[in-house]
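User: I'd like a close look at one part of this model, the bit around the cysteines. Walk me through it and then work outwards into whatever it touches.

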Amino acid sequence: MASGRTTLSALMLWALWFGPAVAAGGQWLEVRSVEDELLLRVPMPEGDRWCLGWNHSVRHFPVLDCYRHHQGRMELERSHQPDFAAGLGHSQGRGEQVSDGKGGYWIENIHEPVPGNRYVLRVGSPEVDHRLVWQRDGETNRISLSDIAAGQRVTIQLNMLDN
């Protein structure tokens with residue numbers, strides 16, 4: 001019986017937290033499995049920003065690709081790269097390279113819409129630690145995709161729900 005009450009309590013908390021947004025539609029950042037199973041859903045209203053972070057597979061330093069919800073679209077806004085390691089670098093005509101003051105650099109002002117508001121990612125191991133990072137109400141939030149789906153193919157998407 002206690003298990004049933006715990007489940008009911010968890011559902012009630014979920015409904016209080018997410019219910020109003022779901023009832024009114026909502027704008028969400030979602031992570032879905034290849035079978036279209038919902039692995040993660042985070043409210044992401046117009047103007048909000050988030051980053052996909054990971055540890056570089058060779059040099060093991062953190063890399064960030066940062067997005068924003070802009071006029072109903074997922075848009076790559078900027079990228080942080082602490083080094084010009086394998087697979088990293090700035091492409092001419094795609095944003096502006098700016099020093100981060102610590103030996104690395106930001107590529108700012110990319111403003112590149114993501115086709116279909118979604119992209120596919122093969123989630124890395126716990127050492128790679130693919131993670132979503134965003135701020136809400138002055139707090140930094142972080143969820144490790146590697147903890148949820150290491151080695152799996154997932155789709156990260158900005159979804160507008162019309163209820």
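Which residues form a disulfide, and how far apart are their sulfur atoms?

Analyst: Keep in mind that this is a predicted model. The disulfide is formed by Cys-51 and Cys-66, with the sulfur atoms 2.1 Å apart. That sits inside the 2.5 Å cut-off used for sulfur pairs, and the count by this rule comes to one disulfide. As for what the link is chemically, a disulfide is a covalent bond between the sulfur atoms of two cysteines. The angle about the S-S bond is 100°, and the link of Cys-51 and Cys-66 is right-handed. It ties together distant parts of the chain: Cys-51 belongs to strand E3 (residues 49–55) and Cys-66 to strand E4 (residues 62–70), with the two positions 15 residues apart in numbering. Both cysteines are buried.

Now the strands themselves. E3 is mostly covered, as six of its seven residues are buried. E3 and E4 are also paired, antiparallel, over seven bridges. One pair you can pick out by eye is Arg-49 with its bridge partner Arg-68 in E4. E3 pairs with strand E10 (residues 131–136) too, again antiparallel, through four bridges. There, Gly-53 has Arg-131 of E10 as its bridge partner. If you want the general picture of what holds such strands together, strands of a sheet pair through backbone hydrogen bonds, either parallel or antiparallel.

Stay on E4 for a moment, since His-69 is found in that strand. His-69 is buried, with a relative accessible area of 1%. Its side chain has two backbone atoms in reach: the oxygen of Pro-45 at 3.3 Å, and the nitrogen of Glu-46 at 3.2 Å. Leaving aside neighbours within four places in sequence, the contacts of His-69 are Gln-27, Met-44, Pro-45, Glu-46, Gly-47, Asp-48, Trp-50, Leu-158 and Met-160.

Asp-48 from that list deserves its own look. It is found in the loop between E2 and E3. The side chains of Asp-48 and Arg-136 are joined by a polar contact of 2.6 Å. With neighbours within four places in sequence set aside, Asp-48 is in contact with Tyr-67, Arg-68, His-69 and Arg-136.

Leu-158, another contact of His-69, takes us over to a second set of strands. Leu-158 in E12 is the bridge partner of Leu-29. That bridge goes with the pairing of strand E1 (residues 26–33) and strand E12 (residues 153–161), which run antiparallel and are joined by eight bridges. The wider arrangement is an open sheet of four strands, in the order E2-E1-E12-E9, with antiparallel pairing. Strand E2 (38–43) and strand E9 (118–122) are the edge strands, each pairing on one side only. On average, neighbouring strands of this sheet are turned by 20° against each other, direction ignored.

At the E9 edge, E9 and E12 pair antiparallel over five bridges, and Tyr-119 has Ile-156 in E12 as its bridge partner. The side chains along E9 alternate: Tyr-119 and Leu-121 point to one face and are buried, whereas Arg-118, Val-120 and Arg-122 point to the other and are not.

Back towards E10, there's a backbone oddity to check. Asp-137 has a positive phi of about 55° although it is not a glycine. Asp-137 lies in the loop between E10 and strand E11 (139–144), and with 75% relative accessibility it counts as exposed. His-111 does something along those lines, with a positive phi of about 45° although it is not a glycine. His-111 is located in the loop between strand E7 (105–108) and strand E8 (112–113), and it counts as partly exposed at 35% relative accessibility.

Last, a word on confidence. The protein chain averages a pLDDT of 81, and 76% of the residues score at least 70. Over residues 1–24, though, pLDDT stays under 50, and the model has eleven contacts beyond four places in sequence for that stretch. Where pLDDT is low, the predicted coordinates should not be read in detail.

Methods:
Residues numbered from 1 in each chain as written. Predicted model: local features only at pLDDT ≥ 70, side-chain atom pairs only at ≥ 80, totals over all residues. Heavy atoms only, no water. Buried < 20%, exposed > 50% of the residue type's maximum accessible area, 1.4 Å probe, protein only. Pairing = 2+ DSSP bridges. Polar contact = N/O pair within 3.5 Å; in protein donor to acceptor, adjacent residues only side chain to side chain. Contact = heavy atoms within 4.5 Å. pLDDT = per-residue confidence, 0-100. Axes fitted to C-alpha atoms, helices over the stretch in contact; angles between N-to-C directions.
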